[in-house]
Amino acid sequence: MCPVVPRPLCVSIDGHLHGFRVTLAFLLSMCLSRMTFTAACPPPCLCASDIVSCSGRNLSTVPPDLPGYVTRLDLGHNVLTALLLDWSDRRLDRLTVLVLSQNAIIHLAPDAFAPTPHLRHLDLSSNGLSRLNASAFHGLGELEVLLLFGNRICQTMAGAFEGLSSLERLYLGGNRLTAFPLELYQRNGALPRLRFLDLSTNMVRQVPVQSLLSLATWQQGGIYLQGNPLVCDCALRAMLEYWERRQYCPLLDFREEYPCSLGQEEWLNCSGNPQGGFHGTVEVSYQAEPGDWLMVPCPGISLPFQEEVVVFWVTPGDGSPALGVTDDQSSRLTVLANGTLEIRGALRGDSGTYSCVAVRGRHRSSNETLEVTIAVGNPSGPGKSGEVRSSGGEHFNTAFTTLASCVVSIVLVLLYLYLTPCRCHGGKAGAVGGCGGRAMLLCADPREAELADRRVTGGKRVAFLETGGEHPPQMQCQAPSNGHCSHRWHIEERKQGLGAGPRRTRCVAFRVCP
């Protein structure tokens with residue numbers, strides 16, 4: 001007899017198989033999720049939310065599969081030698097901070113930062129860059145801070161920084177630049193928002209003083225030149241002294257690292273003859289009319305004037321050109337050989353504050369002003385003595401206002417005296433005789449009325465009575481006697497408008513005198 005296999009055994013095997021399948025599916029899903037998380041962060045890097053740090057990993061290439069959500073990527077302290085166009089296999093639209101410092105990068109491919117169009121902070125410091133290509137930073141219109149210090153940059157190609165319209169801070173210190181990059185402020189490569197430029201510890205010997213003085217105040221106050229082998233001449237000394245008086249941070253913070261220090265102007269002979277006198281009392285404000293010819297001396301310049309002395313005049317307005325001594329006599333505003341500012345045919349646009357930039361050295365006074373205020377055709381502008389002068393137009397306005405006030409006052413008095421409502425003389429208000437009702441009689445002076453009646457034959461007085469109904473009230477005109485004169489009265493009735501409207505009744509008196 002064959003043994004019978006129990007059915008519960010088959011059911012038990014099926015249950016175990018089903019449980020095994022569920023467990024296997026769960027473990028597989030866990031592994032897949034773990035693999036997905038691991039793939040989101042490159043293996044040699046550390047990730048924290050939207051920050052990816054691959055610093056100090058001895059990387060020679062950029063890790064692939066960078067997450068698209070990264071906002072800060074640190075690739076510093078590696079051995080990267082170049083940044084090519086395909087350094088990232090995807091577009092990193094959220095990336096705002098990219099750190100590539102402390103590498104060995106010597107080459108930046110054109111449009112190398114095309115995958116990161118929204119960068120705001122780019123750190124390329126302490127690399128081996130020797131030159132910057134024309135389109136190295138193309139497409140970084142939102143970049144605000146660019147760090148290039150600690151490289152070997154000796155020149156910048158034309159247009160290397162073109163398109164960086166939002167750049168505010170540029171660090172070029174610790175390189176090998178021999179000339180001041182004036183193109184950063186002028187021509188097509190100008191950076192309109194650049195307020196901080198670090199050129200410290202380069203090889204710059206000469207700076208364009210007049211061009212730098214022509215920059216806006218917020219631009220001049222952010223230029224760092226310490227640590228350069230600058231040739232200390234009168235022009236540079238005058239500019240540094242001017243910056244010091246303006247309390248610009250670059251000069252105040254690194255005073256000892258500039259070659260032209262206080263006390264060197266004696267052997268430079270930049271401040272004139274120490275035994276000579278000064279211009280005396282130099283006016284600090286001038287009032288002129290359009291077309292006038294002005295001669296404005298520079299405050300604080302000693303006499304006799306030395307040939308080595310350099311004088312610049314900073315004209316009003318941020319970014320206005322600074323003027324220096326020139327032989328060009330075609331300009332309306334020129335600086336003469338003795339430092340005097342000459343303005344030919346003054347215009348209203350010449351009004352403003354002018355600053356005289358020159359070396360004054362130890363002869364200067366702590367409260368001495370460097371500025372001169374000129375007002376051309378300004379009614380409230382300061383006069384030569386610094387006082388405010390009032391023009392004829394202002395006197396006219398004051399006199400006209402006073403006259404108008406007097407006329408208005410007289411008119412109001414006359415209206416009060418001659419147009420004041422008074423009672424009717426024909427009888428009491430509300431009576432049957434006289435004017436009666438709500439009549440109002442505009443009465444003048446009785447004596448004037450009597451004289452008018454004598455001059456005019458048949459003179460008359462009119463009283464108006466407003467009626468509320470369609471039919472005028474019953475009224476009688478009485479003619480009181482007055483000496484030899486007799487009065488004749490009649491009633492006139494007028495209707496206003498069309499249809500059934502209010503009526504106006506007036507009592508007209510004719511006075512006849514022999």
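Which cysteine does a disulfide join to Cys298? In this predicted model, the partner of Cys298 is Cys356, and the two sulfur atoms are 1.7 Å apart. The pair links distant parts of the chain, with the two positions 58 residues apart in numbering. Cys298 lies in the loop between S16 and strand S17 (302–303), whereas Cys356 belongs to strand S22 (residues 352–357). The angle about the S-S bond is -100°, and the link of Cys298 and Cys356 is left-handed. Both Cys298 and Cys356 are buried.

The structure holds 3 disulfides. A disulfide is a covalent bond between the sulfur atoms of two cysteines. Apart from the link of Cys298 and Cys356, there is a disulfide between Cys41 and Cys47, with an S to S distance of 1.8 Å. This link of Cys41 and Cys47 is right-handed, with 90° about the S-S bond. Cys41 has a relative accessible area of 16% and is therefore classed as buried, the limit for this class being under 20%. Cys47 has a relative accessible area of 32%, so Cys47 counts as partly exposed.

A disulfide also joins Cys45 to Cys54, where the sulfur atoms are 1.9 Å apart. The angle about the S-S bond is 100° in the link of Cys45 and Cys54, which is right-handed. Cys45 is buried because its relative accessible area is 7%. Cys54 is buried as well, with a relative accessible area of 0%.

Accessibility was also computed for Cys154 and Cys406. Cys154 is partly exposed because its relative accessible area is 40%. Cys406, at 41% relative accessibility, is likewise counted as partly exposed. Both values fall between the limits of 20% for buried and 50% for exposed residues.

Strand S16, which precedes the loop that holds Cys298, is part of an open sheet of 3 strands. The order of the strands in this sheet is S16-S21-S20, and their pairing is antiparallel. Strand S16 (294–296) and strand S20 (333–335) form the edges, each pairing on one side only. On average, neighbouring strands of the sheet are turned by 20° against each other when direction is ignored. Between S16 and strand S21 (residues 341–343) there are 3 bridges, and these two strands run antiparallel. One residue pair can be named here: Val296 has Leu341 in S21 as its bridge partner.

A further site is the loop between strand S12 (196–198) and helix H2 (209–213), where Asn202 is located. Is Asn202 buried or exposed? Asn202 is buried, because its relative accessible area is 6%, and a value under 20% places a residue in that class. The side chain of Asn202 reaches the backbone oxygen of Ser200 at a distance of 3.2 Å. When residues up to four places away in sequence are not counted, Asn202 touches Leu172, Gly173, Gly174, Asn175, Arg176 and Leu177, together with Gly227, Asn228 and Pro229.

Note on methods. Residues numbered from 1 in each chain as written. Predicted model: local features only at pLDDT ≥ 70, side-chain atom pairs only at ≥ 80, totals over all residues. Heavy atoms only, no water. Pairing = 2+ DSSP bridges. Helix = DSSP H or I, 4+ residues; strand = E, 2+ residues; numbered from the N terminus. Axes fitted to C-alpha atoms, helices over the stretch in contact; angles between N-to-C directions. Disulfide = S-S within 2.5 Å. Buried < 20%, exposed > 50% of the residue type's maximum accessible area, 1.4 Å probe, protein only. Polar contact = N/O pair within 3.5 Å; in protein donor to acceptor, adjacent residues only side chain to side chain. Contact = heavy atoms within 4.5 Å.
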